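Subject: Structure handover and notes

Dear colleague,

Please find the structure we discussed below, followed by my notes on what was found in it.

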Amino acid sequence: MSVYVQLLDAAIRDLEARKNNGERFVAVAPETLGALASPVLRARRAEPAMTLPKAIVPATPVSPPAAASPRVPLFPAVQPPPPTLTSIARGDRSAEFAELRARVLACAKCPHLVTTRKSVVFGVGDPNAQLMFVGEAPGVDEDRQGEPFVGAAGQLLTKIITTMGQTRQTVYIANVLKCRPDTAPGERGNRKPRPDEMATCLPYLLEQIQLIQPRVIVALGGTAVEGLFGIAEARITRQRGNWMDFRGTPVMPTFHPSYVLRAEDGPDKGRATKRQVWEDMLQVMERLALPISDKQRGFFK
Ligand code: SF4
């Protein structure tokens, strides 16, 4: 990883830590604001040896608010040009990923979500992963921790991934929507993301897919299928287990882990649903030519 990317990551982690500590503003010098507004990052992609622009060197950002410095939101509204799957040239994936991550963390395209979110849940895992899992949106636990699939459903997803012989570090996990759908004050639980919200955020997922270039995507649940493909109503009970194609990348739709957890209340304690999900994952493993042991094949026989 280049020094540039390490420093950019350090700056992002510092800003996230500040935000988690309740800080909503940082002091930024006028010349820094000017530098951030310029297309310097994109222009530097083509340079063989990147150096961190002085504007975001993390050695100086923690300076106490200067009287002359204007106070700006920690995550100011940034309106990047709408990306497409073919708009990004291949190159240093780490640098591209860090730049995309910085843009997404600063996103304010959905004002109603910006005011209620605790974090922007970008994604987690290996930017070079062959296998990518896509869910619908962060829930309350993910919003709190800034990482996708960390609640009860996330623990089940982690179990599925490890049963496949992988880890959360060897795959990539993201959601269509990067911010938690807001709920009414005092309302518990999570809300299903709306089609317009997913359509607004989808360009970021497209960029992630373009950079990662996974060989297989697993769409977790009907809402993820709807958001990814831009369709009105997915029939996940019919579509699961049947390969789909997303701009040349095979997609395996399967049940969302939370659906599997709810099925555990049924008469068979969710065994049939779990078997279906596992059959889908066996198809994924075969497609990726991953080793499959007899034990893995026979889990639900
Ligand atoms: S949901 Fe997506 S588009 Fe909307 S504010 Fe969050 S990151 Fe931006």
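Arg215 has its place in the loop between H8 and S6, where helices (H or I, at least four residues) and strands (E, at least two) are DSSP runs, numbered from the N terminus. This is a predicted model, in which local features need pLDDT of at least 70 and side-chain atom pairs count only at pLDDT 80 or more, whereas totals for chains, interfaces and linings use all residues. Residues are numbered from 1 along each chain as its sequence is written, and side-chain values use heavy atoms, with hydrogens and water left out.

With a relative accessibility of 41%, Arg215 counts as partly exposed, a class that lies between buried (under 20% relative accessible area) and exposed (over 50%), computed with a 1.4 Å probe on protein chains only. Leaving aside residues up to four places away in sequence, Arg215 touches Gln130, Thr249, Pro250, Arg287 and Leu288, contact meaning heavy atoms within 4.5 Å. The C-alpha atoms of Arg215 and Ala129 are separated by 8.3 Å, although these residues are 86 residues apart along the chain.

The chain as a whole has 13 helices and 8 strands, and buried residues make up 46% of its 301 residues.

The largest nonpolar core, a set of buried Ala, Val, Leu, Ile, Met, Phe, Trp, Tyr and Cys residues joined through side-chain atoms within 4.5 Å, holds 60 residues, of which Leu131, Met132, Phe133, Met164, Leu205, Met281 and Val284 touch the most other members. Helix H8 (residues 195–212) gives the most to this core, with 9 residues. Beyond four places in sequence, Leu205 touches Met132, Val134, Ala174, Asn175, Val176, Lys178 and Leu228.

H8 also gives the most to the shell around the ligand, with 3 residues. The residues surrounding the ligand, each with a heavy atom within 4 Å of it, are Cys107, Lys109, Cys110, Leu113, Arg117, Leu177, Lys178, Cys179, Thr200, Cys201 and Tyr204.

Helix H9 (residues 222–229) is largely enclosed by the rest of the structure, because 7 of its 8 residues are buried; these are Gly222, Thr223, Ala224, Val225, Glu226, Gly227 and Leu228. The buried residues of H9 pack against strand S4 (131–135), H8, strand S6 (216–220), helix H10 (236–239), strand S7 (244–246) and strand S8 (249–254). After H9 comes Gly230, whose phi is positive, near 65°.

Best regards
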